[in-house]
Each structure stands twice: as structure tokens, then as C-alpha cells.
Amino acid sequence: MDREQEEMQFLGVFGIYKEACNIIISWKKIFTQITLTLILPLSLIFLAHIEVSDVLFRKIWINEMYLDQNQVGTAKYNRISDHISSEVSLFWLFKAAYFTFFLIFSLLSTSAVVYTIACIYTSRQVSYSKVMSVVPKVWKRLMVTFLWYFLALFLYNVLVMMLFVLWFFLVAIPYHDAGFVTGIILVVLYFVGALYLTLIWQFSTVISVLEDVRGMQALNKSKALLKGKMWLAIFVFLIWGLFSYLLQFAFQKLVVHGWRFGLASRVGYGVLSLLGLVVLMLFGLVIQTILYFVCKSYHHENIDKSALSDHLEVYLGEYVPLKAKDVQLEHFEV
């Protein structure tokens, strides 16, 4: 990251993408090592989850069809019903295991990439062994922030659910036409709010690593930093999200549901999907870190490289985070 801090605020969507590419290419050795250790397993977990979930769900669906063809109370009906109950339990146990491992590797990957870029920014010597020794200490801070984000998301969904119940009884039933229009508006607003919370969460992960805040403080700091750059963040992650969705869609069509293709073709498509997802995940982690520096520059908060370097050094010893006044970024004059 050779740009001056004052120049970072002027980066647009493609400027951020270009900066991310330059960093990854310039430091390809360390990012390759991080990718093979953390991001590759994360990508494998994600794609395997799609495949296995489809297999389990298809078995449940087929057995439910068989169940409907049998009379209630018969021995065969009870046997199929018990089998379906076991499959449903297995399905949700698999989902819980997937979520746990995905969350762990996601937080570990975020810790590694953010710490690495911060070391690059402060011109600190960075090595794979140093990064991996720091990651277990950093990811705990991210877990605290995630738990607060999860609570906020849960409360948001509860609030929206209550709002939809009120809409259904007070608007949808008495006024059908108006209910349809307002229903669409509510759905759009729900997704806008969910996107906003997701952006806050993504940004707060970087803050939790680079500053002496975590949890709700990190979420609030994220919200404050995104002011003025919210549309930039939206476009940056929407474009990235679009490519991610297209890759997932292709994987489902060509691999999960690609029965018309031969086994070799499906394996080949699966490998290509895995490689594409690995690149996208690494790229996403890098751009969210660059966006942090862009927002800092926009708010005229000068990053003291020596203070940030000291903050990063603390991770290598017994973790006692520096105070905000030491790590916090002072304002500079434009």
C-alpha cells in the first residue's frame, strides 16, 4: 500500500479493486500460504455444505412422498415416519456443524488477512509463522463482535416478524391491493436493512483487529466510519456479492444438479468452482480491509503507523491491547 493516507479517500470502487489486486500480487507468497491453510478449507466447507444439504433434503423429500402414499397408522407408515424424523435430525445436526466450522474458519481467515495487510501497511516484517501465531489471539476479539452482531440481527428479525404480523392483519386482509403494494415495500426495506447490518458487521471485523474495541463498540465505530462512504461500500460489496452468487449458482447447476454431465465433468466443474470461490473469498477480505483505510482517510483520521505497529506487536506477546489514545487515529488537516 504505497498510497499516501490523504489519497486513500479518493479511491472509488475500481480503485479499491485495483489496490486489492496489487497487494495480493505483491505479497503472493504470504497470501498463498494463508489461502491454503484457512481460505481453502473455508471454501471447501461452503461448497460441501451445498452438496450434502441437497442430498439430505432430497432424501427427506422423497421419503415424504412415500409417506403420503401410505395409510396413517400402518406399520410401513410409522417406519417411514421414524426414518424421516431421523433424517431431519441429521439434516439440522449437519447444519449446526457446518455453521460452527464455517464461522471458525471465517473468523480465522479474517484475522489472518487483516493482520497481514496491517503489517504490510506499517512496513513490518511479516511471515506466515508470525501470522499463524497471532491468529488464535485475534479471532477471539472477532468472536465477541460476532456475538453482538448475531444478537442485533436476531432482534432485527424479531422486530420485522412482528411488523409483518401487524401488516398482515391490519393491511393485507382488509385492503388487498394496498396490502400487496405495502408488502413489496416491506420486503425491500427488510433486505435493505439486512444489507446494512451485514456491511456494519464486515467492517467491524477489521476494526476489532486494528483498534482497541470489540463487540458493540466495534459495531458502533463501524457505523460511524461508514458515514459518507456507505454507497461506496454498498457498490463494492454488491459487485463482489454478484460474482459470488453467480459462482454459487453455477456450482449448483453444473455440480449439485448436473446429473446429465459425466462424473469427470462434474468433478472438473467442482474444482473450478472451488478455485473461483477461494479467489473471491481472499479478494473480499482484502477489499474490506482497504475500505477501512479509505474511510479513515475520508474522516481525516491520520493513522500513526508507529502506534499501529506497536498495537500489532502486542499480539505476538501476552495479549494486553493498547489504549484507544495510543492506537486511535488522530485527525489530520487537509
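**View 1. The whole chain, element by element.** From the N terminus on, the elements of the protein chain follow the order α-α-α-α-α-α-α-α-α-β-α-α-β. That makes eleven helices and two strands. Keep in mind that this is a predicted model. Of the chain's 334 residues, 44% count as buried. The exposed surface comes to about 18,300 Å², and carbon and sulfur atoms supply 69% of it. Among contacts between residues at least 6 apart in sequence, 79% join residues at least 24 apart.

**View 2. How far to trust the picture.** The mean pLDDT of the protein chain is 84, with 88% of its residues at 70 or more. Residues 318-334 are another story: pLDDT stays under 50 there, and the model has 44 contacts beyond four places in sequence for this stretch. Where pLDDT is low, the predicted coordinates should not be read in detail.

**View 3. The largest nonpolar core.** Zoom in on the largest nonpolar core and you'll find 82 residues, with I16, F31, V113 and V286 having the most contacts inside it. Which elements give two or more residues to this core? They are α2, α3 (28-68), α4 (75-121), α5, α6 (176-210), α7 (215-226), α8 (230-256) and α9. Helix α9 puts in the largest share, 16 residues. Apart from this core lies another one, of seven residues, including L56, Y77, I84 and F91.

**View 4. F31 and its company.** Here is one of the core residues with the most contacts, F31. Setting aside neighbours within four places in sequence, F31 is in contact with I23, I24, V113, T116, I117, I120, L282 and V286. Two of these partners, V113 and V286, are also on the list of residues with the most contacts inside the core.

**View 5. Helix α9, end to end.** Helix α9 covers residues 263-298, which is 36 residues. How does its reach from first C-alpha to last, 51 Å, sit against the expected span? It is close to the 52 Å expected at 1.5 Å a residue. Just after α9 comes H300, which takes a positive phi of about 60°.

**View 6. S109, a serine tucked into helix α4.** Look for S109 in helix α4. Is S109 buried or exposed? Its relative accessibility is 0%, so S109 counts as buried. Leaving out neighbours within four places in sequence, S109 is in contact with L38, I39, L42 and L285.

**View 7. S208, a serine in helix α6.** This close-up moves to S208, whose place is in helix α6. S208 also counts as buried, because its relative accessibility is 0%. Try finding M143 as well: S208 and M143 are 65 residues apart in sequence, and their C-alpha atoms are 9.6 Å apart in space.

**View 8. W231, a tryptophan out in the open.** W231 has its place in helix α8. With a relative accessible area of 61%, above the 50% cut-off, W231 is exposed. Where is V13 in relation to W231? The two are 218 residues apart along the chain, with their C-alpha atoms separated by 9.9 Å.

**View 9. F14 and Y17, an aromatic pair in α2.** The structure holds 20 aromatic pairs, and this view picks out one of them. The ring centres of F14 and Y17 are 6.2 Å apart and the planes sit at 80°, so the pair is edge-to-face. Both residues lie in helix α2 (residues 13-26), three residues apart, about one turn of the helix. The two partners differ in cover: F14 is exposed, at a relative accessible area of 63%, while Y17 is buried, at 11%.

**View 10. F164 and W167, an aromatic pair in α5.** F164 and W167 also form an edge-to-face pair, at 6.0 Å centre to centre with 85° between the planes. Both sit in helix α5 (residues 128-172), three residues apart, about one turn of the helix. F164 is partly exposed, with a relative accessible area of 24%.

**View 11. A cluster of rings.** Which residues do ring pairs link into a cluster? Look for F99, F146, Y149, F150 and W201.

Conventions
Residues numbered from 1 in each chain as written. Predicted model: local features only at pLDDT ≥ 70, side-chain atom pairs only at ≥ 80, totals over all residues. Heavy atoms only, no water. Phe/Tyr/Trp six-rings, centres within 6.5 Å; stacked < 30°, edge-to-face > 60°. Helix = DSSP H or I, 4+ residues; strand = E, 2+ residues; numbered from the N terminus. Buried < 20%, exposed > 50% of the residue type's maximum accessible area, 1.4 Å probe, protein only. Contact = heavy atoms within 4.5 Å. Areas by Shrake-Rupley, 256 points an atom, 1.4 Å probe, with all protein chains shown as cover. Expected span 1.5 Å × (residues − 1). Core = buried A, V, L, I, M, F, W, Y, C linked by side-chain atoms within 4.5 Å. pLDDT = per-residue confidence, 0-100.
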